[in-house]
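The following exercises introduce a protein chain step by step. Each one sets a task and then works through its solution.

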Amino acid sequence: MAADAKTENMESDDAPTSSGWRAAIADYSRPIAAVFMLGIFVAVAYAIYRLTEEVSYDDVVAAIAKTGYDQIALAVFFTVMSFITLCVYDWNALEFIGKKRPLPEVALTAFSAYAVGNAAGFGMLSGGAIRYRAYSRAGLAPDDIGRIIAFVSLSFMLGLAVVTALSLIPMSSEIAPLLGIDAFALRVIAIAVLVGFAILIIIGQRRSLTFAGVTLSLADTPTLSRQFLITVADLAFSCSVVYALLPTEAAISWPAFFAIYSIAIGIGVASHVPGGIGVFETIIIASLGPTTNIDAVLASLVVYRLIYYVLPLIIAIILVTITELRHVSKMPALAGVGRTATRISPALLGALTFIMGALLIFSSVTPTPESNLEILEGIVPLSVVESAHFFSSLLGLFLVIAARGLVQRLDGAWWAAVVGACVALVLSLLRAFAVFEASALAILVVGLFASKRLFVRPASLFRQVLTSPWLTAIALICICACFILFFVYRDVSYSRSLWWEFEFSEEAPRSLRAMLGLTIFSTALAVFSMLRPAAPAVTPSSSEDIERAAEIVKNSDVADSNLVRTGDKAIMFSPDGSAFLMYGKQGRSWIAFLDPVGPKKARDELVWQFVEEARTAGCRAVFYQASPSLLPAIADAGLQAFKLGELAEVDLSRFDLKGGKWANLRQSGTKAEREGLSFEIIPTEGVAPILEDLRSVSNSWLAEHRAKEKGFSLGAFTDDYILSQPVIVLRFEGKIVAFANVMVTDTKADASIDLMRFSPEAPKGAMDFLFVSLLAQLRNEGYRHFNLGMAPLSGLSRREVAPVWDRIANTFYEHGERFYNFKGLRAFKSKFHPEWQPRYLAVSGGLSPVIALLDATLLIGGGLKGVVKK
């Protein structure tokens, strides 16, 4: 386990790197998952194509036109009710973990999170990222935010399973023929789910469940019951949206359709296809097709997607835009709403830009209504219509790419989105006189201008290399467009002459050319991203850079920043040179150690600069031992934080060996003095004469423990490093038997030590004596705090709905003593009665924190076995 080892002697051996097919799968797990998802989506698209063989595009359009205003109004009403219940999820989650927030702030966050999560469902645009950004700025810790996300997710999944089971028992005879399953088997499955839920309710009385050494904290029975009722209400309202839009001739009762809807939603979620698109439609069409006109069902599902998925996203953008224009947030009672809107605005705008890009692509492969064509024919030349149709598809792809940069708050992405949306707005009118599409683009443009102040990161959009999730998203859109093209023009006989037909009435050639352009440009984009240069090596900084960074450290309040002097890390400076960040590279991870050092504004921008350059190099960004003060900047850069452990900090103003709680340390110090140990702090200029004595102690310590020098978060015995700072030495019978280098800054806000090594001749208890003497000396010199270093994996959440990372880490902490002295290290530091402060591991790109921690471990110890070995 990678950890701060200031007070722990550990042996180190090199571990062989993994190889073979398992390593290959691990390295390419995300591309493999993307290919698997695309395979599922292609299969689903083909299934829908076969199910709708007797359906024409004109029939679907006619069915949509027949949708009554009363049906639309009822669907909008049920959508509103559904989102109200979704907001209650977050409210209950906050109440459950004991972190109350104002209702307007929670409502805006939850509404926006679900609007984005439903509509997009891709990584950076997910509802979890919305919550993380909003709640982190509100002061919630990452583990609390993780518990909120886990609470709402598990509540929905559990409620969905139970609701489906309850619906299936009385309706199994009606639903089984639709699904091709035996009614009795369907009842058995439903009863098994309900029995499992009942067991969970009973276990909930105990509040915890231990299985295979892992303790899972559970919500109490009243909370489980309340969440179940909320889930029932949510599913009922969202189901009613579709049911209200179904044609009147649909021969199915609401309870039966409720069960089908629940099944379709559940399988859509399990497929991991964003928004369940295609999967959800396939199940609904297969279930209702035998009894209802498929064209009417398909029309209902299209309108449902627009009302339940797109409309809330547009409303969220309007709400945030109004807030950004300061019509609401100036009111003191709603100040939190303004702060929340500022945090989530980039993600919302990115999601809407993504959706509008996809809609532009889809509309470019569908025919224009004849009435609109007649209007255009009289006022717009054919060449303009043809050009607008072709370039609309490319602009759609351009907006999809710009969406990623908007989420990252790039100024270049803002300009690209504004220009692209404005041009697309004009083309939508010239191409098809599409008023709805133009209105949505206008809302996007207004929202972008209202939030201009948020997009201040000076980065080029074209330097951003698209990652696997974004390439997958583009591939899904292209597959959708291809499916729509074949569905719409399934009755058109293909011939080579289609490519060269240019007539107002000929829609198929225009769509075909637009699809070809989309395919060429998206393929080129994918090839460019996949053939990017290999990640360059990160080389340690020069001595000039180290000296420059050391000058910044002198005026900082974090003594551990002196580890920049080791020379084994690269240094990244802020553009104005007032702050720096030290980092190293392991595999595909760029790992920053500690917070950036320097003024706050420069530190925050340096976080983004580091993340951007890591991504440009094709690597993931990782922050190791980040402090709570850095969390808002980390969240803003799209990273997720996981608690790594707790740092022990001694308040020197309260350090006094005269108290009763210090009796053991006082006795150890007195005993060491009686045995002849003496203590002395050697100033920096006095270290050179004793350097060889220190080297002798260091070599004997390394030989005794069969250890090798470590690096990155720990110093190594090098002449330049040891000579750069004061040293504390212990002498026994006039000979140096122990030493530690002392890290301090000119502010005297903090002090710490790095290397602490003892020769075999050092008496027992020398370690306690060294610390007691040093703390007393530093207190007398006016230092305010002493950093004892971090206790890894300690202090993680053990409460209800703890994140999976916390449960895994707690298991290691409780049962991993054979690998690392977790409890012993915390117990030693606890003797000094420190204040425990959380430290975090922040990762990007959806990376598992376990992999990031492994990379950090290898970087520190040069081999996993040597670092974790007790």
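Two strands are said to pair if DSSP finds at least two bridges between them. The structure shown is a predicted model.

**Exercise 1. Determine how E3 and E4 are joined, and place them in their sheet.**

Step 1. Count the bridges: E3 and E4 are joined by four. This meets the requirement of at least two bridges, so the strands pair.

Step 2. Establish the direction. E3 and E4 run antiparallel. In general, strands of a sheet pair through backbone hydrogen bonds, either parallel or antiparallel.

Step 3. Find a pair of facing residues. Ile571 stands opposite Met582 in E4.

Step 4. Widen the view to the sheet. The sheet is open, has eleven strands with mixed pairing, and follows the order E3-E4-E5-E6-E13-E7-E12-E11-E10-E9-E8. Its edge strands are E3 and E8 (677-682), each of which pairs on one side only. From one strand to the next, the twist averages 30 degrees.

**Exercise 2. Describe helix H21 and identify what its buried residues pack against.**

Step 1. Compare the span with expectation. H21 covers residues 600-616, which is 17 residues. The distance from its first C-alpha to its last is 25 Å, close to the 24 Å expected at 1.5 Å a residue.

Step 2. List the buried residues. In H21 these are Ala602, Leu606, Val607, Trp608, Gln609, Phe610, Val611, Glu612, Ala614 and Arg615.

Step 3. Identify the partners. The buried residues of H21 pack against two helices, H15 (382-407) and H22 (631-636). They also pack against strands E3 (570-573), E4 (580-586), E5 (589-597) and E6 (620-626).

Step 4. Inspect the end of the helix. Just after H21, Gly618 takes a positive phi of about 75 degrees.

**Exercise 3. Decide whether strand E10 is enclosed or open to the surroundings, and describe its two hairpins.**

Step 1. Consider burial. Eight of the ten residues of E10 are buried, so this strand is largely enclosed by the rest of the structure.

Step 2. Examine the pairing with E9. Strand E9 (residues 727-732) pairs with E10 in the antiparallel sense over six bridges. Val727 has Asn741 in E10 as its bridge partner. Two residues lie between the strands of this hairpin, in which Glu733 takes a positive phi near 55 degrees.

Step 3. Examine the pairing with E11. E10 and E11 run antiparallel and are joined by six bridges. The bridge partner of Val742 in E11 is Ile753. This hairpin has six residues between its strands.

Step 4. Look at the turn. Lys748 lies in the loop between E10 (735-744) and E11 (751-758). Its phi is near 55 degrees, a positive value in a residue other than glycine. With 33% relative accessibility, Lys748 counts as partly exposed.

**Exercise 4. Locate another residue that is not a glycine but has a positive phi, His833, and classify its exposure.**

Step 1. Locate the residue. His833 is found in the loop between helix H28 (822-830) and strand E13 (835-843).

Step 2. Read the backbone angle. The phi of His833 is positive, at about 50 degrees.

Step 3. Classify. The relative accessibility of His833 is 36%, and the residue therefore counts as partly exposed.

**Exercise 5. Classify Ser262, Arg513 and Ile375 as buried or partly exposed, and describe their surroundings.**

Step 1. Recall the cut-off. A residue is buried when its relative accessible area is under 20%.

Step 2. Apply it to Ser262, which lies in helix H10 (residues 254-271). Its relative accessible area is 1%, so Ser262 is buried. The side chain of Ser262 reaches the backbone oxygen of Phe258 at 2.9 Å. Apart from neighbours within four places in sequence, Ser262 is in contact with Leu160, Val163 and Thr164.

Step 3. Apply it to Arg513, in helix H19 (residues 507-530). At 13% relative accessibility, Arg513 also counts as buried. Leaving aside neighbours within four places in sequence, its contacts include Glu386, Phe390 and Trp500.

Step 4. Turn to Ile375, in helix H14 (residues 370-379). Its relative accessible area is 41%, so Ile375 is partly exposed. A distance of 9.2 Å separates the C-alpha atoms of Ile375 and Ala432, which are 57 residues apart along the chain.

Key:
Residues numbered from 1 in each chain as written. Predicted model: local features only at pLDDT ≥ 70, side-chain atom pairs only at ≥ 80, totals over all residues. Heavy atoms only, no water. Expected span 1.5 Å × (residues − 1). Buried < 20%, exposed > 50% of the residue type's maximum accessible area, 1.4 Å probe, protein only. Contact = heavy atoms within 4.5 Å. Axes fitted to C-alpha atoms, helices over the stretch in contact; angles between N-to-C directions. Polar contact = N/O pair within 3.5 Å; in protein donor to acceptor, adjacent residues only side chain to side chain.
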